[in-house]
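Please walk through the model below, beginning with a single helix and then turning to the core and the chain as a whole.

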Amino acid sequence: MKTIFDLIHPIIGLIPGSISTDCDSALRNAISTIFPESPTLLCLWHANKNIQQHCKRKFTSAEAYSEFFEAWLGIVRSPDIPEYWKRLRQFKSKYSDTLERQECATYVCTTWLKQGRREALVQAWTNKYPHFGTTVTSR
């Protein structure tokens, strides 16, 4: 990847404004080496699928899981940082009533909303970079 970049960069002279990827650490490390000026954003589709895989079976109904998932999306779609923290507090409070729901909320927070990942996934941060609305890697 570095060799290709070294060959074409002098010709086109462009550095990506942002790069979206899944959470593969090797790929993210390669991108940060080759394009150190370009922020690496996380693919929302991959995050959503991961949360579904880990949490959906812990809810007693499709409606309960759907509500949880919409709350998660509300956090990701936070328009600014104060709103993010507000929505996160509400999410943690709402999903602390049973052990299963608390496990799901903790999983989301410690896996996807931890420092370093939230800045690459939540719109309050990602909208600071040009990504033209692309939040998934399948476009």
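How many residues does helix α3 have, and what distance does α3 reach from its first C-alpha to its last? Helix α3, at residues 44–55, has 12 residues. Its reach from the first C-alpha to the last is 16 Å, close to the 16 Å expected at 1.5 Å a residue. As with everything that follows, this value comes from a predicted model.

Which residues of α3 are buried? They are L44, A47, N48, N50, I51 and C55. These residues lie on the same side of α3, because the arc they cover around the axis is only 165°. The general background is helix geometry: with 3.6 residues a turn in an α-helix, residues three or four places apart point the same way. The cover over the buried residues of α3 includes strand β2 (40–42) as well as helices α4 (62–76) and α6 (99–112).

Two of the buried α3 residues, I51 and C55, reappear in the nonpolar core. The largest such core has 30 residues, and those with the most contacts inside it are I51, C55, F59, F68, W72, W112 and L113. At least two residues of this core are supplied by each of α3, α4, α5 (81–94), α6 and α7 (123–126). Helix α4 gives the largest share, eight residues.

F59, listed among the core residues with the most contacts, is a useful place to look at local packing. Leaving aside residues up to four places away in sequence, F59 touches A64, Y65, F68, Y95, R101 and C104. One of these partners, R101, is located in helix α6. Is R101 buried or exposed? R101 counts as buried because its relative accessibility is 18%, and the cut-off for buried is under 20%. With residues up to four places away again left out, R101 touches F59, K94 and Y95. Y95 is thus a contact of F59 and also of R101.

The view can now widen to the chain. Its secondary structure comes to seven helices and two strands, which follow the pattern α-β-α-β-α-α-α-α-α along the sequence. The protein chain has 139 residues, and 39% of them are buried. Among contacts with a separation of 6 or more, 57% join residues 24 or more positions apart. The accessible surface of the chain comes to about 8,300 Å², and carbon and sulfur atoms account for 55% of that area.

How values were computed: Residues are numbered from 1 along each chain as its sequence is written. This is a predicted model: local features need pLDDT of at least 70, side-chain atom pairs count only at pLDDT 80 or more; totals for chains, interfaces and linings use all residues. Side-chain values use heavy atoms; hydrogens and water are left out. Helices (H or I, at least four residues) and strands (E, at least two) are DSSP runs, numbered from the N terminus. The expected span of a helix is 1.5 Å times one less than its number of residues. Buried means under 20% relative accessible area, exposed over 50%, partly exposed in between (1.4 Å probe, protein chains only). The arc is that of the directions from the helix axis to the C-beta atoms. Contact means heavy atoms within 4.5 Å. A nonpolar core is a set of buried Ala, Val, Leu, Ile, Met, Phe, Trp, Tyr and Cys residues joined through side-chain atoms within 4.5 Å. Accessible areas come from the Shrake-Rupley method with a 1.4 Å probe; for residues, only the protein chains shown count as cover.
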